[in-house]
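Colleague: Could you take a close look at one part of this model for me? I would like to hear about the sheet that carries the loop tryptophan, and then how the rest of the structure sits beside that part.

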Amino acid sequence: MAHKRRIGVYICHCGGNISDHVNVKEVAEALLDEPGVEISRTHMFNCSDASQQEMVDEIKEENLDGLVIASCSPKLHLFTFRAMAERAGLNPYQYVHVNLREQCSWAHTGDKVGATEKGINLTRAGVAKCALTHPLTAIRIETQPRVLVVGAGVAGMRAAISLAGMGLSVFIVERGNEPGGWASQAGRMGPDDRYGPEVVANLLAQIRNHENIILYTSAELTAKSGHIGDFTATVRLRGEEDVSLNVGAIVVTTGFTPYEPEDGEYGWGKPGVVTLKDFRQMLEAGDGPLTYNGIPVRDVGFIYCVGSRQTKGDTCPEPNTYCSRFCCMATAFSASLLHEFEKESGQTINQYHLYRDVRTYGHLEAVYTNARADGALFLRWDPKEPPRVEQSNGRLAIKVKDTLLGDEELELGVDLVVLATGMTARKNDTLNNVLKIPESKDGFYNEIHIKLRPVETAIDGVFIAGTAQGPKNLAESVASALAAVVKTGGLLKKGYVNLEPLIAEIDTDKCVWCNECLKACPYGAIERVLCGDKEVAMVIDSSCKGEGACVPVCPQDAIDIEGFRDNQIMAMIDASLKELVAA
Amino acid sequence: MSSPGSNGIPKILVFSTNAISDPGIDLAGSAHLHYSTAVQVIPLPCSSGVKPSWIVHALKRGFDGAFIAACGGDCAYLSDCTTRTGALVTRTQALMKEHGISPKRLKMSGLCSVCADNFVSHMNKFQQELKSLDS
């Protein structure tokens, strides 16, 4: 090797996520013995501003020419630390990331000795790879100023309008016959009493008037090729005709599916047990008194948290453990609507709200306050003893222990039981097959990081927003849609994106032009050139994707992929086995 | 320090792929699905780029098995990624035989970006198989 490397190794505690299961101090000390390692230390959070500044200073002061960050998955912070390396004047491709959390501490909780050993081996491999890096420059490609929005609910429509307002062309693909999503069926919506169909109609009018937006209904995304900045999407119209769309990014706003109660869950299936949506349709249906089966309604019981915040049990093997966020507000808002109906109709209706916790957070608190002022009676139950719904004397009876009355068992005679059902992840196998966006355990699409990269996915150029990502109320849905707009706009308005320079390189000394690499390359990224007096293969940088299909087929062993060079992989293997080889 | 291989637990080198199988392996950790600490992953861009010489080197140096967590049908680069990776496995196994290494020490499976359970069960099963090879 030309000169001794000066590598800095930084092991992250991740506030305990790593250090609870891996002895990070031991890892840092072990790495000090590796050739080329100048500094090896730990930080509570490598990603914190303070730690980054320390590392930047140290890289400069110590004149480091290599950086190894051992922390969370590189999917999370690769770009954070590349940017940090650049700030420190270090070529970002001389930084190597070691996955010490997802692929070590979190997978081996309870085995600190084993996880520490593995952590040392992983980090040694990272250092071995780093020692063989050299400076690289990113490849710049042009982006297409067009966006595909999948799903024409409020989030998708709002995103489309804003993207078009930035001067981007937008295609919206809606699987249903009509745009609008759930808001079009929601009626009057809290907290500000907006009428759902009107909100949808307003958005739709803007879309129809915008020359930069094309809306396809009864349409489905069936295929996708290309890469960030330049995708080709195939959309099937009415199940028969395909259109091909060239877009720079994709925003997925496919929404949720309402929770469907199990038979018998809070009386579901019994006459008079309805969902909140059903109840609101009854209330808004129009004239005359509120009746059920022809009998005027005198008492209504609302049960909260149906299908949300579940715990695993015999009757619930796959619980929805999350809070659906919108239902407390929507149900409390319904209390005021019911009260308004009473005043207008003169029909007296008692309402009982059976809740676990009222989660009308932030400004939504006013909705809860109004509900109580409007005469709604709130009773709190314990999830260990949920309310039971039974039929009694031609009516319904809810039996509930009110924890605020010293667990007194109450029996409420009601004409209607209204279940505040939550949100579940939408099933869409075709789309999932095409886009391959990672999903959470609950089946909602996963962002890269809930706080740091909340609308980006593991698939570059594909963004998520609205309830496709997890339960949200409408305001939150729109906020996330606009976040996706900004990320998409930031990507496409710049006009170019930097692609990894991690592509193939051919050793012309070894190459004898046998044609095998050309045959293996699906991108036409190989051409035959004259090098001195012999013919050799050359890589066309902008066409090469760096997947490496040409590497193992080369009979002369003349091809390497930058960042994954033969000598780097061999060194990583050796470094991983250092203890074994030394033993 | 004892080496992970010396306690009778077979060491497995996994080649994962950045966009597809590595997120799947990450998810196993995120979900705290436990597997052996003797499993170590080297991520690559695509399984079509694994060199047979890497695997032979790893097995000769002390890994007991090698596992290619391939992109499968999800590969963003190559529609025939599985066929190509499969051909590589066949070539590698031939090379392994030349070096007196049982071809059973190499396994390949497509592993998607959410295939966390699959990964863990592959690792557990492969370790069992490697144990029986050594017994």
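Modeller: Happily; what follows goes from chain A as a whole to the sheet, its helices and the tryptophan, and then to some other places for comparison.

Please keep in mind that this is a predicted model. Chain A holds 15 helices and 32 strands, and its C-alpha trace spans about 95 × 55 × 40 Å along the principal axes. Of its 583 residues, 55% count as buried. If you take the contacts in chain A between residues at least 6 apart in sequence, 68% of them join residues at least 24 apart.

Now to the sheet itself. Five strands of chain A make up an open sheet, and reading across it you meet them in the order E16-E25-E19-E20-E21, with parallel pairing. At the edges stand E16 (273-275) and E21 (377-380) of chain A; each has a single partner strand, so one side of each is left without a neighbour in the sheet. On average, neighbouring strands here are turned by 25° against each other, direction ignored.

Let us start at the E16 edge. E16(A) pairs with E25(A), residues 416-421, in the parallel sense over 3 bridges. If you want a spot to click on, try A:Val274, which stands opposite A:Val418 in E25(A).

Two helices lie across strands of this sheet. Helix H8 of chain A, residues 276-284, lies across E16, E19 (299-306) and E25, and runs at about 95° to E16(A). Helix H9 of chain A, residues 327-345, lies across E19, E20 (350-355) and E25, running at about 170° to E19(A). Angles over 145 degrees count as roughly antiparallel and those from 65 to 115 as roughly perpendicular, so H9(A) is roughly antiparallel to E19(A), while H8(A) is roughly perpendicular to E16(A).

At the other edge we come to the tryptophan. A:Trp381 lies in the loop between E21 and E22 (388-392) of chain A. Is this loop residue buried or exposed? With a relative accessible area of 3%, A:Trp381 is buried, because the cut-off for that word is under 20%.

What does A:Trp381 touch, leaving aside residues up to four places away in sequence? Its contacts include A:Ile303 and A:Tyr304, and E19(A) covers residues 299-306. They also include A:Leu354 and A:Tyr355, and E20(A) covers 350-355. A:Val400 and A:Lys401 are touched as well, and these fall within the 395-402 range of E23(A). The remaining partners are A:Tyr266, A:Arg356, A:Pro386, A:Pro387 and A:Thr403. By contrast, A:Gly346 is 35 residues from A:Trp381 along the chain, and their C-alpha atoms are separated by 31 Å.

The strand E23(A) deserves a stop of its own. E23(A) pairs with E24(A), residues 408-414, in the antiparallel sense over 7 bridges. Across that pair, A:Ile398 has A:Leu412 in E24(A) as its bridge partner. The hairpin of E23(A) and E24(A) has 5 residues between the strands, and A:Gly406 there takes a positive phi near 65°.

For comparison, chain A has another open sheet of 5 strands, in the order E10-E7-E6-E14-E27 and again with parallel pairing. Its edge strands are E10 (213-216) and E27 (462-464), each pairing on one side only, and the twist averages 20° from one strand to the next. At one edge, 3 bridges join E14(A), residues 249-252, to E27(A), and the two run parallel. In E27(A), A:Phe463 is the bridge partner of A:Val251.

Finally, here are two helix pairs away from the sheets. In chain A, the axes of H1 (24-31) and H5 (112-130) come within 9 Å and cross at roughly 40°, and the two helices are therefore oblique to each other. Their crossing is right-handed. Among the residues that meet there are A:Val27 and A:Leu31 of H1(A) and A:Ile120 and A:Val127 of H5(A); the contact divides into 5 nonpolar, 3 polar and 2 charged residues.

In chain B, H1 (21-30) and H4 (116-134) pack at an angle of about 85° with their axes 7 Å apart, and are therefore roughly perpendicular to each other. This contact is made by B:Gly24, B:Ile25, B:Leu27 and B:Ala28 of H1(B) with B:Ala116, B:Phe119 and B:Val120 of H4(B). By class, it has 6 nonpolar, 1 polar and no charged residues.

Technical notes: Residues are numbered from 1 along each chain as its sequence is written. Chains are lettered from A and ligands numbered from 1 in the order in which they are written. This is a predicted model: local features need pLDDT of at least 70, side-chain atom pairs count only at pLDDT 80 or more; totals for chains, interfaces and linings use all residues. Side-chain values use heavy atoms; hydrogens and water are left out. Axes are lines fitted to C-alpha atoms, for helices over the stretch in contact, and angles run from 0 to 180 degrees between N-to-C directions. Helices (H or I, at least four residues) and strands (E, at least two) are DSSP runs, numbered from the N terminus. Angles under 35 degrees count as roughly parallel, over 145 as roughly antiparallel, 65 to 115 as roughly perpendicular and the rest as oblique. A crossing is left-handed if the near helix is turned anticlockwise from the far one by less than a right angle, and right-handed if clockwise. Contact means heavy atoms within 4.5 Å. Ala, Val, Leu, Ile, Met, Phe, Trp, Tyr, Cys and Pro count as nonpolar, Asp, Glu, Lys and Arg as charged, and the others, Gly among them, as polar. Two strands pair if DSSP finds at least two bridges between them. Buried means under 20% relative accessible area, exposed over 50%, partly exposed in between (1.4 Å probe, protein chains only).
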